[in-house]
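Hi everyone, thanks for coming. Today I'd like to walk you through one protein chain, step by step, and you can follow along on the screen.

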Amino acid sequence: MMSVHPSAGEGAHRHTSPRRSPGDRLLVGRIAARTVIPLAVVGLGGAFLVDEGADPSAPARVPITAARIACPDPTLVQPGAHSPLLPGSARLDVVLGGALDGHVRVSPATSGGVPVPVQRGEGWLRLAPQERGGTGARTVSGRDASAAGLSAMVTVGGDGAGPALVGCTPPRARTWFAGPSTMAGRDPLIVLANLAGVPAQATVRVLTDGPVGPTQNITVAAGHAVVRRLAALAPEAAMTAVDVQVRTGRLLAWMVDRSSTGGPFTAPRLVPATAPPARRLVLGGLVVPPGPPVPDTVLVLAAPGRSATVRVSVLTPAGPHTPPGFAAVRVPAAGTISVPVPLPVGLASAVLVESVGSASGSASGAGSVPGSEIGPAAGAGEVGGLGLGEPVLAELGVASGWTGVRTWAGATRIEPSSGRQGLDGYGRGVGLTDPDGPAGGAGTAPDAVVTVPPVPAGAAGALVLTAPLGPVTSRVDGNPVRLEAGTVAVVSQRSRPPAGRLEATGGPLVATVIAGAMPSADGPPADGPPSASARLGRLPVLPRILSAVVPLRGAPRLLDAPSAVADPVLPYR
C-alpha cells in the first residue's frame, strides 16, 4: 500500500512505492565472475587521494557508505518570470540498490534538506516551484545502506506534448551540449546552479556554424543559479555546441531549448548533456514517432579542436547501414555542422558516429567536393582507421511529432579514454561507466545496479537497447533479450512502480528510455515491434509525441578503494 506523508519544509508531498520481491536485496559479497555492462556508473566521479608511493593495482572492494548526486530542477522560476522553466508538476523518484527501508535527503544545494522515506528501496518527492533566485538544482544524498546503488530521476508533466525526464548525476568539472539554434523563433537557456555554500565560477565557450565568439566568465553566488540566454552568447546561430568548464566551486549545468514566443503548447525541451569529444559515439536508441516531419531529424556535429572526418551509420533492428554520402562527413575545426539523418519512422534506431581521420587528411583528397559538408561514400580503408581520427562532439535533434519542435538525444562515448581498455582512476578495467567515460572494458563490477524506471503516469514510453559493436544478451527483470552486433531492440517498461532492473553480458550495450504523449484513440496504432517485447509477454506503447530520450546509468554498491585511502567515504564528502 502506498504511503502519503506530509511535507517537511518545502510544501512537498512525499510518497513511497510498494514492496519489491526479496530477490532485489542488496548484494553483500563481491561476485568473482565479471560481466560487461557498459552502461553508466553514478558515483565514481569523485577525486581520490592516494599516497605517492601507493600501488593502486589491487584496491579493496568496500561497500559505498555515502553518496551524493545532483538533479536539474526545472521548477526554477527565472528572474522577471511568473512560471517555472518547464511547465507541469514535477516529482523526484529515488531508487536504492536493494529492497531496503531507509531515507535519503533531498535539498536545495546549500540547505540541510528534508528526509525522504524509502520503503523497499524506493521513494518519491513532489517538487514545489522554487522562488525567484532559487538554486536551480536539487541534491540527493544517502548514507550507509541508503548510499549503495543510489539513483534518481526528475519527471516534469509538460504542457501536453509529453513529459520531460532527466537523470541525476554527480556534478562534473566540464559539461558539453550541442544542438539548439538561436535563430528567430528559438530562445535556448543555459542554467548554472551552484551546489556549494561558496561562490563558483565557470567559463562558457560556444561553437557555431559561424565565427567563434569570446569565452564568457560567469560567477554564480552561493546557493543561487544563473540563467543565460544562449542567443546572448551566440546570436543568430543555426546550430551550437556549448562547453561549460567549472573553474572554482561546484556547479551543475543544464539547458532548455524553447520557443521565443512563449505561452502554452510550445513544448520546451530539456537538452541533455552529451558525451565529451570522442572518436566513437552512439546517439539513441530511440523511436521516431509518425507525426509531422517538420522539423526533420538532424545530427549536430562539432570539432572543438582540429577538423575531423566522421562516418555516420544508422543502426536498426535489421542491422547497421551507412546512408549514401555519410561515409565521410567533414567537420570544420572549432565549428559545427548539422546533417539530416534518415531514421526510420516507428522503428527502433540509433546513430553511430566514428571518427575516421582528419578532414585535412586523406578524406579530403580526390573525389571530395570542395566546401561541402558531406564527402563521397568511402570505406574505412580509404579514410583511415575507424576511431583513429580527431575527437568530435555530437547530439541528435529528433523529429518529435510536434510541429516545429525537436527532442534532443545526447551521445554515449564508446571508447577507452586512454587508448586501452576501459579504465577507472587507477588503471583497472571497468565495464560500467558514465556516458561521458570509457565503456566496454575488460570486465565490470557486477555490484552495479541499472534501474529501469516505470513509464510516467499518463504517458507512453519504452526501453530501447542498442548493441553498437558486438552481440549482447541483456536481461530485463530476468527476461533475456538477445541483440546481434549493430542492432537495436524495443522492450516494454513497467507501467507502475517498482522500477525494473537491467543486466547484460557481452557488449557494449547502450540503454535508453523514451517517453512522450500517449497515442490518440483515433490515431494510428503505436505499438512497438514485436521482436523483443513479445518474448517478454507484452508490447510497448510508443509515444505519439517524443519528449525525452534518457540514457540509463549503473549505480555502484561497492567502491574500489586503494589501501592508501583510510576512509572510503572520502571521495563523496
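I'll begin with the whole chain, then go through two sheets, the cores and a few single residues.

Please keep in mind that this is a predicted model. The chain has 573 residues, and 57% of them count as buried. When we sort it into elements, we get three helices and 39 strands. Now, how much of the contact in this chain links residues 24 or more positions apart? Taking the contacts with a separation of 6 or more, such residues account for 80%.

Let's go to our first sheet. It is an open sheet of four strands, and the order is 5-10-7-8, with antiparallel pairing. Which strands stand at the edges? They are strand 5, residues 66–72, and strand 8; each has a single partner strand, so one side of each has no neighbour in the sheet. On average, neighbouring strands here are turned by 25° against each other, if we ignore direction.

Here is a reminder for anyone new to this: strands of a sheet pair through backbone hydrogen bonds, and they can be parallel or antiparallel. In our sheet, strand 7, residues 102–108, is joined to strand 8 by five bridges, and the two run antiparallel. One place to look is histidine 103, whose bridge partner in strand 8 is proline 117. Strand 7 also pairs with strand 10, residues 137–143, in the antiparallel sense over four bridges. There, proline 108 stands opposite arginine 138 of strand 10.

Is strand 8 largely enclosed or left open? Strand 8 covers residues 114–118, and four of its five residues are buried, so the rest of the structure largely encloses it.

Now for the second sheet. This one is also open, with four strands in the order 34-31-36-37 and antiparallel pairing. At its edges stand strand 34, residues 487–491, and strand 37, residues 545–551; each has a single partner strand, so one side of each lacks a neighbour in the sheet. The average turn between neighbouring strands of this sheet is 25°, direction ignored. Inside it, strand 31, residues 459–467, pairs antiparallel with strand 36, residues 510–517, over eight bridges. If you find leucine 465, you can look across to its bridge partner in strand 36, alanine 511.

Let's talk about the cores. The largest nonpolar core has 45 residues, and among those with the most contacts inside it are Leu286, Val351, Leu396 and Ile514. What does leucine 396 touch, leaving aside its neighbours within four places in sequence? Its contacts include Leu283, Leu286, Val298, Leu343, Val351 and Trp408. A second, separate core has 38 residues, including Leu86, Val116, Val166 and Ala193.

Next, a single residue, proline 498. You'll find it in the loop between strand 34 and strand 35, residues 500–506. Proline 498 has a relative accessible area of 15%, and the cut-off for buried is under 20%, so proline 498 counts as buried. Proline 498 and threonine 451 are 47 residues apart in sequence, and their C-alpha atoms are 9.9 Å apart in space.

Last stop: the rings. How many aromatic pairs does a search of the whole structure find? The search finds zero. There is a ring with a charge over it, though: the charged end of arginine 91 sits over the ring of tryptophan 124, 3.8 Å from its centre.

That's my tour, and I'm happy to take questions.

Notes
Residues numbered from 1 in each chain as written. Predicted model: local features only at pLDDT ≥ 70, side-chain atom pairs only at ≥ 80, totals over all residues. Heavy atoms only, no water. Core = buried A, V, L, I, M, F, W, Y, C linked by side-chain atoms within 4.5 Å. Buried < 20%, exposed > 50% of the residue type's maximum accessible area, 1.4 Å probe, protein only. Contact = heavy atoms within 4.5 Å. Phe/Tyr/Trp six-rings, centres within 6.5 Å; stacked < 30°, edge-to-face > 60°. Lys NZ or Arg CZ within 6 Å of the ring centre and 35° of its normal. Pairing = 2+ DSSP bridges. Axes fitted to C-alpha atoms, helices over the stretch in contact; angles between N-to-C directions.
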